[in-house]
Amino acid sequence: MSADIAGRSGPFDDLRTLLDDLPGPDEEARAATRARDLSLTKPPGSLGRLEGIAEWLAAWQGRTPPRVKNAMVAVFAGNHGVVAQGVAAYPQAVTAQMVANFQAGGAAINQLCESFGFGLQVFELALEVPTGDIAVEPALSPRDCVATLLYGLESVPTDIDLLCIGEMGIGNTTVASALAHGLFGGEARDWVGPGTGLDEAGVAHKAEVVAAAVARHGPEAGGDPFEILRRLGGREIAAMAGAILGGRLKRVPVIVDGFVASSAAAVLHALGPGMLDHCLFGHVSAEPAHGRLLETLGKAPLLDLGMRLGEGTGAALAAAMAKAAADVHGGMATFAEAGVTDREE
Ligand SMILES: Cc1cc2ncn([C@H]3O[C@H](COP(=O)(O)O)[C@@H](O)[C@H]3O)c2cc1C
Ligand SMILES: O=C(O)c1cccnc1
C-alpha cells in the first residue's frame, strides 16, 4: 500500500493510486466526430445537445463514429440502518421485494430496458445485513467499504458501450442527503426532501437526523471523501461510486440517474477535478436537493421530467437519447453523399 500525503497508510490508498492515473478522453475521436457532424446534411448546431452527446460518446468510447448497441443499466441494491430513525415512508422489506420484482420483470426500469433494448443487471448487496445507522455509527467498516467499491468497479463489463447507474434501497435518500451535506456543507435542510413521500414534519425530522449524522462523523472524516462515504454512505452508494470509476477505467461512458446515484458520483467529484468528465447526468429528479447537487458538480442534466423514482429510470431515458444521438450521427448522409448543396464558406 502506498502512503498518503500525511505519510500514513490507509484502507483507501490503493484506490487513491488508481485515481492518480485515470484514462482521459480520446481527443482524436472527439475531433473526428465533430468534423463528420459538420459534413452531415443539416445546418451546424441544429441537432443541439445531441451533437455534443455524440462527441462525448466518441471521446469516452475511444471510437468514431460512436455507437450505442449494447447499453446496460446496473441497479445496485442495499439496505440502511438509518431507517430505524423513521426517515423513510416505506418499510425496509420493500428493498428485497423490489429486487424480486426486478428479477420478475415487473418494475418501471424493466419496462424501459425492454422498450429501448437495454440490458439490465441487478446487484444485490447483502440486503439481510443493513449498514450501520449513520445517526449513531459509521455505515460501513473500512474493509466493507473498500470491498464494495471494488465490487462496483468490477461489475462493469468491458463489452458494453454505455452504462446507466441506478439504485434501490429504502432510506437511501437520507443517506444521499447526508453525503451531500458531509461533502459540501451548507445546511442539512437544504439537502433533504420527501424521498418516496414524507410529509413536511417527516422532512423536518429527516433534516435533524442528517444534521446529527454529519455532526457526528464530519470531524472524524477529516474532509476525506472516501471516509465520508464509509461513514455516511451505504453499500449501493459505494458500489455505484466504484462502477462509475469502472466505466472510466474500461472506456465505457456513464449516465448517472437521480439524486441518490448523483450522491455516489459526488464522492468521486470531491476526490479531484475531472473525475466525472466521462459522466452524463440523465435527468434532474423532483427530489429538491438534486438540482443543488448537480449545480455543485457543475453538471447540466439532460432531462427534466418531474421523475423521482430511482432504479436508473432517468438514466435509461437519457440513454435512449444518447442512442438516438449515435444513430443519427452514424446514419445520416453527408452533403457530398446526398448531393445537397452546402452553405458557402
Ligand atoms: C415501491 C418502491 C419502488 C422504488 N423504486 C425505487 N425507489 C426509490 O425509493 C427509495 C428511496 O426513497 P426513501 O429514502 O424515501 O426510502 C430507493 O429505494 C429508491 O430507489 C422505490 C421506492 C419504493 C417504495
Ligand atoms: O432522485 C432519486 O434518485 C430518487 C428520488 C426519490 C426516491 N428515490 C430516488
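**Entry 1: Terms and model**

I count a residue as near a molecule if its C-beta atom, placed from the backbone, lies within 6 Å of it. I note that this is a predicted model, in which local features need pLDDT of at least 70, side-chain atom pairs count only at pLDDT 80 or more, and totals for chains, interfaces and linings use all residues. Residues are numbered from 1 along each chain as its sequence is written, while chains are lettered from A and ligands numbered from 1 in the order in which they are written.

**Entry 2: Ligand 1**

I looked up the surroundings of ligand 1 and found 18 residues, of which Ala88, Thr173, Gly195, Thr196 and Gly310 come nearest. Helix H4 (93-104), strand E3 (162-168) and helix H7 (172-184) are the elements that give two or more residues to this shell. For these elements I use DSSP runs numbered from the N terminus, with helices (H or I) of at least four residues and strands (E) of at least two. The largest share of the shell, 3 residues, comes from H7.

I then sorted the shell around ligand 1 by class and recorded 8 nonpolar, 8 polar and 2 charged residues. In this scheme Ala, Val, Leu, Ile, Met, Phe, Trp, Tyr, Cys and Pro are nonpolar, Asp, Glu, Lys and Arg are charged, and the others, Gly among them, are polar.

**Entry 3: Ligand 2**

I turned to ligand 2, which is surrounded by 13 residues; Gly258, Phe259, Val260, Ser285 and Gly310 are the closest. Helix H11 gives the most to this shell, with 3 residues. By class I recorded 3 nonpolar, 7 polar and 3 charged residues around ligand 2.

**Entry 4: Confidence**

I checked the pLDDT, the predictor's confidence in each residue, from 0 to 100. The chain has a mean of 97, and 98% of its residues reach 70 or more. Over residues 1-7 the pLDDT is below 50, and this stretch has 10 contacts in the model beyond near neighbours in sequence. Two residues are in contact if their C-beta atoms, placed from the backbone, lie within 7 Å. Where pLDDT is low, the predicted coordinates should not be read in detail. For the complex, I noted an ipTM of 0.99 and a pTM of 0.97 from the predictor.

**Entry 5: The chain as a whole**

I found 14 helices and 5 strands in the chain. The C-alpha trace spans about 70 × 50 × 35 Å along its principal axes. I compared the radius of gyration of 21 Å with the value near 20 Å for a compact globule of 345 residues, and the two agree. The radius is taken over C-alpha atoms, and the globule rule is 2.2 Å times the number of residues to the power 0.38.

Among contacts between residues at least 6 apart in sequence, 78% join residues at least 24 apart. Buried residues make up 52% of the 345 residues. I call a residue buried if 20 or more other C-beta atoms lie within 10 Å of its own, exposed if 12 or fewer, and partly exposed in between, with C-beta atoms placed from the backbone.

**Entry 6: The core**

I looked up the largest nonpolar core, which has 107 residues; Val73, Leu163, Ile165, Leu179, Ala241 and Ile244 have the most contacts inside it. Helix H11 (residues 259-271) gives the most to this core, with 9 residues. Such a core is a set of buried Ala, Val, Leu, Ile, Met, Phe, Trp, Tyr and Cys residues joined through C-beta atoms within 7 Å.

Leaving aside residues up to four places away in sequence, I found that Ile165 touches ten listed partners, among them Ala74, Met240, Val254, Asp257 and Gly312. Leu268 has its place in helix H11 and is buried, because 23 other C-beta atoms lie within 10 Å. With the same sequence neighbours set aside, up to four places away, Leu268 touches Ala241, Ile244, Leu245, Met275 and Leu276.

**Entry 7: Backbone details**

I noted a cis peptide bond between Thr64 and Pro65, with omega about -5°. Pro65 lies in the loop between helix H3 (49-61) and strand E1 (71-77).

I also looked up positive phi values outside glycine. Arg251 has phi near 60° and is found in the loop between helix H10 (235-249) and strand E4 (254-256). Arg251 counts as partly exposed because it has 16 C-beta neighbours inside 10 Å. Glu311 has a positive phi of about 65° and is found in the loop between helix H12 (289-297) and helix H13 (313-331). With 28 C-beta neighbours inside 10 Å, Glu311 counts as buried.
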